[in-house]
Amino acid sequence: MRNGVVIVGAGHAGVQAAASLREEGYDGPVILIGDENELPYHKPPLSKTFIKDAEAKPQPLRGEAFYSGNAIDFRPGVWIDRIDIGARRLEVSGGAIPFDRLVLATGSRPRLIKLDGAELAGVVSLRSLADARLIRELSTESEDVVILGGGFIGLEIAATLRAAGRKVTVVEALDRLLGRAVAPVIAAHVRQRLDAMGVRILTGTTIARLEGEGGRVSAAITSSGERLAAQMVIIGIGVVPNVELAEAAGIVIGNGIRVDQHMQSSIPEILAVGDAASYRHWFTGADVRLESVQNATDQARLAARTILGHADPFSAVPWFWSDIGDMKLQMVGLTQGGDSHVVLGEPAENKFSIYHYTGNRLLGIESVNRPADHMLGRKMLGAGFSPSPQMVAAGPDALKAALAGFQTTEPAKADA
Ligand code: FAD
């Protein structure tokens with residue numbers, strides 16, 4: 001390899017891909033390109049702590065010395081808008097960047113909404129550090145905040161800004177929070193605790209239009225005609241994958257850049273990882289595109305191995321977390337399609353877990369403030385161990401013993 005590996009996108013996936021290439025022993029050139037003018041940073045704190053704390057600093061994914069120390073040619077502030085597939089190079093203003101292998105780690109961006117008034121100052125969404133800085137600044141001048149979208153990010157922001165003393169209203173089109181991402185019992189629990197914090201939640205409602213004064217948003221008018229005062233409106237209605245670069249190059253797209261179990265796109269020298277990549281999940285057989293730090297970093301690790309000639313397929317257990325007020329939500333597995341569940345712990349104590357089953361097979365676990373259940377769940381699903389609902393009902397100690405027994409009798413499978 002002469003031109004080495006070029007990675008487009010310096011977020012969670014891109015940085016991990018660069019790190020893993022070196023960890024796996026790759027000694028050719030590695031170029032990491034990102035459009036933001038920042039040292040790559042952790043995104044999760046942006047909605048949880050950063051926006052309420054004027055002193056908070058971004059948390060770098062790796063220190064500056066990591067890039068120079070590992071001969072990773074990090075190029076910030078560069079936007080790539082064309083891949084010349086035939087010549088195996090990226091076109092940038094003032095030249096071209098050739099590659100032997102290309103990793104697309106372009107992530108996703110907030111979904112936009114067509115709304116009268118959406119262009120007003122004070123109407124924002126949250127994806128990047130620049131967005132978070134803007135929200136933090138606007139929040140100091142905003143007594144009333146309206147958030148459109150009751151998904152993870154919208155609710156994290158709602159809890160964070162409420163804790164910072166803002167009057168917050170969440171407007172959600174569906175009749176429940178958190179879409180189909182979590183079980184109804186968890187969504188209802190989250191709603192109850194946010195209510196108790198003083199966050200106003202309107203479900204089955206949307207925003208019909210926004211009003212402004214002097215170019216700055218001043219109110220959101222709901223679909224039921226209510227006028228909600230707002231000096232800041234945050235649109236949190238999900239994300240769309242950044243696929244345009246790949247699409248224009250003729251790479252196959254399907255709710256993301258389609259990749260196989262080795263993270264290779266329809267052009268095998270070009271791999272895709274993270275929020276931008278969609279694939280058939282080994283665990284459920286469903287086509288998915290997951291938006292989580294775990295998915296981004298595990299896929300990036302595998303992409304590096306693929307580039308180095310290994311043929312192991314993607315088989316990481318999916319997990320995710322979200323901090324909403326005093327709730328640490330942790331999810332492991334993919335729970336869609338479950339037909340029964342077992343509850344451990346007490347919702348009233350704000351500590352419980354839901355074990356989801358399809359038939360007798362454990363699909364996944366959703367936990368609220370029960371991190372030990374989550375960690376044990378990762379071990380169980382990673383080992384291919386599916387405890388019966390009766391075993392789960394017997395409690396964590398019995399489960400740990402059952403897992404240990406399983407690993408003793410089926411070590412090969414458990415280690416896989
Ligand atoms: P990103 O991290 O988005 O990185 C992609 C990068 O590529 C971006 O910098 C983008 O600007 C750049 N780029 C795109 N196109 C180009 C181009 N053509 N040229 C140059 N650069 C380009 N996940 C969790 O698991 N738990 C959480 O609690 C959690 N909280 C979150 C909170 C917030 C506020 C946000 C925004 C996300 C959160 N996530 C969380 C999701 C998680 O951050 C993402 O799943 C993860 O960042 C995906 O990594 P990625 O590298 O695929 O994309």
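Start by selecting Met263, in the loop that runs between β18 (257–258) and β19 (270–272). Keep in mind as you go that this is a predicted model. Check the backbone here: the phi of Met263 is near 75°, a positive value in a residue that isn't glycine. Most residues other than glycine have a negative phi. Is Met263 buried or exposed? Its relative accessible area is 0%, so Met263 counts as buried.

For another positive phi, jump to Ala71. You'll find Ala71 in the loop between α3 and β3 (72–75), with a phi near 50°.

**Into the core**

Now select Leu102 and show what surrounds it. Leaving out residues up to four places away in sequence, Leu102 touches Val6, Val8, Ile83, Leu90, Glu269, Ile270 and Leu271. Leu102 is also one of the residues that touch the most other members of the largest nonpolar core, a set of 78 residues. Add the others on that list to your selection: Ile7, Ile83, Leu90, Leu104, Tyr355 and Met380. There is a second, separate core of 40 residues, and Tyr41, Phe152, Ala183 and Ile186 are among them. In soluble globular proteins, nonpolar side chains tend to be buried together.

**Around the ligand**

Next, click on the ligand and display the residues around it. There are 30 of them, and Asp35, Glu36, Lys48, Arg127 and Asp275 come nearest. By type, this shell splits into 14 nonpolar, 9 polar and 7 charged residues.

Zoom in on three spots:

- Ala13: one of its backbone N or O atoms lies 2.8 Å from an oxygen atom of the ligand.
- Ile80: a polar backbone atom is 2.8 Å from a nitrogen atom of the ligand.
- Asp275: a polar side-chain atom lies 2.7 Å from an oxygen atom of the ligand.

How much of the ligand does the protein bury? On its own the ligand exposes 1000 Å², and the protein buries 95% of that. Color the elements that give two or more residues to the shell: α1 (12–23), α2 (44–48), α8 (293–307) and β22 (319–324). Which of these gives the most? That's α2, with 3 residues.

**A buried glutamate**

From there, hop to Glu156 in helix α5 (residues 152–163). Glu156 is charged by type, yet it is buried, with a relative accessible area of 2%. Look for the side chain of Ser322: the Glu156 side chain makes a polar contact with it at 2.6 Å. Beyond its neighbours up to four places away in sequence, Glu156 touches Ser47, Lys48, Ser322, Asp323 and Ile324. You've already met one of these, since Lys48 is among the residues that come nearest to the ligand.

**Two last stops**

Select Ser218 in strand β14 (residues 216–222). Ser218 counts as buried because its relative accessible area is 13%, under the 20% cut-off. Setting aside residues up to four places away in sequence, it touches Glu211, Gly212, Glu213, Arg227, Leu228, Ala229 and Ala230.

Finish at Gln59, in the loop between α2 and α3 (64–69). At 42% relative accessibility, Gln59 is partly exposed. Apart from its neighbours within four places in sequence, Gln59 is in contact with Tyr41, His42 and Pro45. Tyr41 may ring a bell: it belongs to the second core. Then try a distance from Gln59 to Arg370: they sit 311 residues apart in sequence and 26 Å apart in space, C-alpha to C-alpha.

Key:
Residues are numbered from 1 along each chain as its sequence is written. This is a predicted model: local features need pLDDT of at least 70, side-chain atom pairs count only at pLDDT 80 or more; totals for chains, interfaces and linings use all residues. Side-chain values use heavy atoms; hydrogens and water are left out. A nonpolar core is a set of buried Ala, Val, Leu, Ile, Met, Phe, Trp, Tyr and Cys residues joined through side-chain atoms within 4.5 Å. Buried means under 20% relative accessible area, exposed over 50%, partly exposed in between (1.4 Å probe, protein chains only). Contact means heavy atoms within 4.5 Å. A residue is near a molecule or strand if one of its heavy atoms lies within 4 Å of it. A polar contact is a pair of N or O atoms within 3.5 Å; within protein, one must be able to donate a hydrogen and the other to accept it, and residues adjacent in sequence count only if both atoms are side-chain atoms. Accessible areas come from the Shrake-Rupley method with a 1.4 Å probe; for residues, only the protein chains shown count as cover. Helices (H or I, at least four residues) and strands (E, at least two) are DSSP runs, numbered from the N terminus.
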